[in-house]
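Biologist: I should be grateful for a close look at a single part of this model. Please explain each term as it arises.

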Amino acid sequence: MNYDQRMQRICGSLARAGYDVVLVGRQWPASEPLTPQPYQQHRLHCRFTRGKLFYLEYNLRLLGYLLGCRAAAWCAIDLDTALPVWLRARLGGQPFLYDAHELFTETPEVVARPRVQSLWRRVERFIVPRATRTYTVGPALARLLEQRYGRPFGVVRNISRLAEAPLPPAPVAAPENGFILYQGALNVGRGLEQLLEAMPHVNGRLVLCGEGDLSGALRTRAAELGLLQTGQVEFRGYVLPAALRELTRQATVGVMLLENQGLSYYYSLANKFFDYLHAGIPQVVIDFPEYRALTEQYPVADLVADLQPATLAAALNRLLPGGDAAHYHRLAASCRHARLELNWQQEEARLLDLYQAVVGGKRVHGEP
């Protein structure tokens with residue numbers, strides 16, 4: 001809950017618009033104390049941390065908590081919270097909203113297990129038609145879900161809030177003391193293994209912010225390649241959003257790499273793409289539909305057709321010191337233009353219109 005910037009933006013915008021908001025998550029063994037926010041936050045304590053028992057326990061604890069709450073509307077984030085939230089809304093006769101942060105049934109972890117995927121598809125077929133309102137993170141996912149279920153999906157993109165302070169002019173070339181930045185989960189399908197293999201051939205250093213299922217394996221491989229010893233790769237672990245924004249502004253290049261391991265990744269529109277753009281730094285991005293559509297309109301990134309280490313090294317070196325300085329300047333200048341049009345202030349209006357339509361414009365104080 002401290003690191004989910006999409007939920008912080010959504011809940012913060014609703015709170016500032018006059019709604020009383022409660023964001024419910026879970027307590028992990030390594031969870032830091034909750035950071036202050038303009039909305040209420042509640043963590044559920046679970047005994048299990050993974051597998052079927054975790055999902056069962058979490059859903060039961062979530063339902064138990066929700067039964068003790070009152071609300072004007074209830075919103076589930078992805079399928080793994082949808083059943084208890086729908087049931088609580090149904091019991092109270094209130095609107096139920098479904099916010100699909102991803103195509104849950106097509107994530108790599110689910111696609112690799114057909115029986116698990118079949119279960120979640122049944123949940124999706126049950127939940128989506130019963131939602132009062134549905135929305136997701138990008139136009140491509142919205143179109144796919146609309147075709148699948150024959151109902152409209154709104155779009156609230158995962159875009160950073162535009163900072164009041166303008167960026168300095170675009171640099172004429174890549175800064176000599178900059179670095180390559182990856183921000184996000186260290187999970188399967190993010191192209192991180194290939195990125196490490198490329199680094200011995202890259203004229204720069206890599207900073208990774210985040211943790212995940214591959215945290216240990218990636219650190220081990222980086223050590224085997226000698227990248228930790230030389231300082232060419234640095235693992236920063238979890239970084240709070242405010243510190244991450246400052247770090248991003250200091251970077252030279254951002255990376256947004258995904259493997260085609262399911263439709264969820266293929267049609268994704270990650271917040272890191274916009275975080276790099278708002279910081280004014282060019283990026284190397286996988287050539288998937290949403291990113292191609294955006295870069296055709298706003299040339300802020302170089303697309304790569306595959307994740308071969310040689311491909312990644314060539315793309316990164318073009319944007320690093322000693323590469324194509326004029327090209328770097330063009331991308332950096334385009335970021336400064338695009339951020340004025342692609343920002344949370346624009347998306348926030350869509351979010352508030354959506355919730356106002358659901359609750360009839362009545363903003364309820366004293367109720368979550």
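Modeller: The account below concerns one histidine and its surroundings, followed by the confidence of the model. This is a predicted model, in which local features need pLDDT of at least 70, side-chain atom pairs count only at pLDDT 80 or more, and totals for chains, interfaces and linings use all residues. Residues are numbered from 1 along each chain as its sequence is written, and side-chain values use heavy atoms, with hydrogens and water left out.

H101 lies in the loop that runs between β4 (96-100) and α4 (108-111). Here helices (H or I, at least four residues) and strands (E, at least two) are DSSP runs, numbered from the N terminus. H101 counts as buried because its relative accessibility is 19%; buried means under 20% relative accessible area, exposed over 50%, and partly exposed in between, with a 1.4 Å probe and protein chains only.

The side chain of H101 has a polar contact of 3.0 Å with the side chain of R6 and another, of 3.1 Å, with the side chain of D99. A polar contact is a pair of N or O atoms within 3.5 Å; within protein, one must be able to donate a hydrogen and the other to accept it, and residues adjacent in sequence count only if both atoms are side-chain atoms. Leaving aside residues up to four places away in sequence, H101 touches R6, M7, I77, D78 and V137, where contact means heavy atoms within 4.5 Å.

As for confidence, the chain has a mean pLDDT of 94, and 98% of its residues reach 70 or more; pLDDT is the predictor's confidence in each residue, from 0 to 100. Over residues 362-368, however, pLDDT stays under 50.
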